[in-house]
Amino acid sequence: MRSESGFEQAGGTTSLSFGHPVVTPRLTLTERLREKYPDFELIPDLGSRIGSREWFRGAATCAGLCAGVALLSPGFERPIYGSIPTAKAAGADLMRAQAIAPLDKGAATGARLGATRLVANLTDTPERPIIQHSVTLGSGGALQAVLARTGVGKGEAARAADLIAGAMALGDLKSGTQLDVTLGRRVDKAQPRPLEKLAFRARFDLSLELIRTPTGLALNEIPIAVDHTPLRIRGRVGGSLYRSARAAGVPARAVEAYIRSIATRTSVGRIGSDAEFDIIVEQARAATGEVQMGNLLYAGLAGGGSGKLQLVRWEEDGKVSWYDGSGKGERKGQMAMPASGRISSGFGLRRHPVLRFTRMHKGLDIAAGYGAPIRAANDGTIAFAGRNGGYGNFVRINHSGGMGTGYGHMSRIAVRSGQRVSRGQVIGYVGSTGISTGPHLHYELYRNGVAINPRSVSFSVVQQLDGNDLRAFKSKLARLMAVPVGGTRKASAEDDADSAAD
């Protein structure tokens, strides 16, 4: 009782306090009127109960209010007079200059002071002898339009674009290129200003400059020396591989590529803090001081219980792969399903739905929509692509290790014989060609030419370089190992403390 309502009242369960009568609050005038006339509405709704007593009373009230407003209004045609400030002749000109005059009267006030009688119009204005602009190029094809917008005449802008096109393709100019434009003095103000000079950085290794000579515009090509020696950085993994590599000066994009590459060969979480990373990145250093970083070329890891790991970037036919020091590539996982759908018929003996007799079903039937993409289950070479009896449109792929796959009943074939395909590449589309009752993919898996159950076997593929490719790979690895270590700095006490904190 004390916690809810105090000592004198028990939570509202009694009508009397202990020894004290209950005091009834006094009602206001509005509450007494509502209690006496509960159906009375001061402002009735004129849209309901039309014709009732309450409606007529409300209409009379509304008419009375409208009449009161009309009687109290000053009128619509009667002007409201006010006092107009007057000024002496000395201050009238100043007031007129500072006032905001109507724009339709030709006024220019509001943004600045208006002209007074002390302002006299000039018959001619002086002109600057030289104008310098710094403009940003949107795209290479817009070079002529950019020059025209800066004040260069159309003919001279076209001449400048033709001279630059002789040194490089205008489409190779990157958007965002800064153009330094200098315009000279013109003889007549009705004519555009002549182009005196145009200078810009055309490429990382080239600057172009247009200069006016007595015979017209001339183009100067200024080559910029570029050192393409890769950047090699070594360091200790410490508490965090990413942070240690970034602290050593490796670009963030290269560190991410490094971690992804070594993660295919070893567990990143098991790399010891005493391990040493070795990273080589493409680098272009211009004589003017600019530096451009490229792709990761080499990923090395040694010590820390992880052994020695060497991975080299190798590009072939536009496809990038990573090979270790002996020329072995990445290990591919198990074969992927060639189509998205449900398995409608499995491997083994069955009654053929069309021929109506029992025979061996050498693959899996995957029910899918007509025209759905069919993808290669793994890397390989197309051994056959064409019409093949009851299989209809059929594709066969030879994989490494004596393995092969077949894909039947396609509506359309997207590859040709002898073509190399990669895992997941589209090779055709689901159909119902050949002996088929509806759109589906007949998928077969072969080992040494014999069909086996695709659901019972999974295999991995290890790429191996040989012949000329292996010799070129070894030569590239030797050149990378000859790159001197650079970009590292000696660890200080503060770095050791940060590493310990990590």
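Buried residues, meaning those under 20% relative accessible area, with exposed over 50% and partly exposed in between (1.4 Å probe, protein chains only), make up 31% of the 502 residues in the protein chain. This is a predicted model, in which local features need pLDDT of at least 70 and side-chain atom pairs count only at pLDDT 80 or more, while totals for chains, interfaces and linings use all residues. Residues are numbered from 1 along each chain as its sequence is written, and side-chain values use heavy atoms, with hydrogens and water left out.

Begin with the whole chain in a cartoon view, where there are ten helices and 25 strands; helices (H or I, at least four residues) and strands (E, at least two) are DSSP runs, numbered from the N terminus. Of the contacts (heavy atoms within 4.5 Å) with a separation of 6 or more, 57% are between residues 24 or more positions apart.

Next, select the aromatic side chains. Rings of Phe, Tyr and Trp (its six-membered ring) pair if their centres lie within 6.5 Å, and planes under 30 degrees apart count as stacked, over 60 as edge-to-face and the rest as tilted. By this rule there are six aromatic pairs. One of them is Trp55 with Phe56, an edge-to-face pair at 5.1 Å centre to centre with 85° between the planes; Trp55 is partly exposed, with a relative accessible area of 22%.

Move then to Tyr323 and Phe473, an edge-to-face pair with 6.0 Å centre to centre and 65° between the planes. Because Tyr323 lies in strand β11 (residues 319-324) and Phe473 in helix α9 (residues 467-481), this pair ties together parts that are 150 residues apart in sequence. Both Tyr323 and Phe473 are buried, and adding Trp314 to the selection shows one aromatic cluster formed by Trp314, Tyr323 and Phe473.

Now look for charges over rings, counted if NZ of Lys or CZ of Arg is within 6 Å of the ring centre and within 35 degrees of the ring normal. Arg201 lies over the face of Phe204, at 5.7 Å from the ring centre, and Arg396 lies over the face of Tyr446, at 3.9 Å from the ring centre.

Finish at Thr405, which is found in strand β20 (residues 403-413) and is buried, with a relative accessible area of 0%. Its side chain has a polar contact of 2.9 Å with the side chain of His399 and another, of 2.8 Å, with that of Tyr407. A polar contact is a pair of N or O atoms within 3.5 Å; within protein, one must be able to donate a hydrogen and the other to accept it, and residues adjacent in sequence count only if both atoms are side-chain atoms.
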